[in-house]
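Good morning, colleagues. Please take a moment with the sequence and the structure before I begin.

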Amino acid sequence: MKFSSKALGVAAAAFATAALAQTPAPAPAPAPTPAAAPAQPPEFAVCAACHEVAPGLASVGPNLGTVVGRKAGSTDFDYSPAMKASGITWTPDQLQAFIVNPSKVVPGTKMDFDGATDADAKVIVAYLASLKS
């Protein structure tokens, strides 16, 4: 039996089309894995007693997950009138000073904490800044 080249071409095209139709569609790309939150340094333990950092979580104190760059007293928390009126934007330098001596930076603050050492405060501020990334 002889087939013309045209007939062979049509048959080959039909075979290729059928083969492609049976090829499963490629699986969708997996969703990107969210980056793990940085580990809390031991120096942050004193803060973690009253503050959360994970989005949406509340505690005795305001959530600190997005504190760097935020205006003091601006989240849904019952801040002291002194904190609300402070006019502070929490830059790393402002946070450093506050963590070392809260009542000096914001007299009348409700935060019941005597303060951290400069070294511990630097570690805490670096950790809080890393959460904005």
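I shall go through the overall fold, the largest pocket, the aromatic pairs and two loop residues in turn.

I should say at the outset that this is a predicted model. The protein chain contains six helices and zero strands, so the reading along the sequence is α-α-α-α-α-α. Of its 133 residues, 25% are buried. The accessible surface amounts to about 9,000 Å², and carbon and sulfur atoms account for 64% of that surface. As for how the chain folds back on itself, consider the contacts between residues at least 6 apart in sequence: 37% of them join residues at least 24 apart.

Let me turn to the largest pocket. Its volume is about 580 Å³. Lining this pocket are 28 residues, and the closest to its centre are H51, G61, P62, F98 and M111. Which helices supply at least two residues each of the lining? They are α2, residues 45-48, α4, residues 92-100, and α6, residues 118-130. The largest share, three residues, comes from α4. By class, the lining consists of 19 nonpolar, five polar and four charged residues.

Since α4 has now been named, I shall stay with that helix for a moment. Its buried residues are L95, Q96, F98 and I99. What covers these buried residues? The cover includes α3, residues 81-85, α5, residues 102-105, and α6. Thus α6 appears both in the lining of the largest pocket and in the cover over the buried residues of α4. F98, likewise, is one of the buried residues of α4 and one of the residues closest to the centre of the pocket.

The next topic is the aromatic side chains. The count of aromatic pairs comes to three, and I shall describe two of these. In the pair formed by F77 and Y79, the ring centres are 5.0 Å apart and the planes stand at 70 degrees. Why is this pair called edge-to-face? The angle of 70 degrees is over the cut-off of 60, so the pair falls in that class. The two partners can also be described by their exposure. F77 has a relative accessible area of 25% and is partly exposed, whereas Y79, at 10%, is buried. Buried means under 20%, which is why Y79 qualifies.

The other pair I shall describe joins W90 and F98, again with 5.0 Å from centre to centre. Here the planes make an angle of 55 degrees, and the pair is tilted. Both W90 and F98 are buried.

Finally, I would draw your attention to two residues in loops. E43 lies in the loop between α1, residues 5-22, and α2. Is E43 buried, partly exposed or exposed? Its relative accessibility is 26%, so E43 is partly exposed. E43 and V123 are separated by 80 residues in sequence, yet their C-alpha atoms are 6.9 Å apart in space. Beyond four places away in sequence, E43 touches D120, V123 and I124.

C50 is found in the loop between α2 and α3, and at 33% relative accessibility C50 is partly exposed. From C50 to P62 there are twelve residues in sequence and 8.2 Å in space, C-alpha to C-alpha. With neighbours within four places set aside, the contacts of C50 are S59, V60 and G61. Of these residues, G61 is also among those closest to the centre of the largest pocket, as is P62.

Technical notes: Residues are numbered from 1 along each chain as its sequence is written. Side-chain values use heavy atoms; hydrogens and water are left out. Helices (H or I, at least four residues) and strands (E, at least two) are DSSP runs, numbered from the N terminus. Buried means under 20% relative accessible area, exposed over 50%, partly exposed in between (1.4 Å probe, protein chains only). Contact means heavy atoms within 4.5 Å. Accessible areas come from the Shrake-Rupley method with a 1.4 Å probe; for residues, only the protein chains shown count as cover. On a 1 Å grid over the protein atoms alone, a cavity is a set of points where a 1.4 Å probe fits but cannot get out, and a pocket is an open set with protein on both sides within 12 Å along at least five of seven lines; lining residues have an atom within 4 Å of a point. Grid points are joined across faces, edges and corners, and a volume is the space filled by probe spheres set on the points. Ala, Val, Leu, Ile, Met, Phe, Trp, Tyr, Cys and Pro count as nonpolar, Asp, Glu, Lys and Arg as charged, and the others, Gly among them, as polar. Rings of Phe, Tyr and Trp (its six-membered ring) pair if their centres lie within 6.5 Å; planes under 30 degrees apart count as stacked, over 60 as edge-to-face and the rest as tilted.
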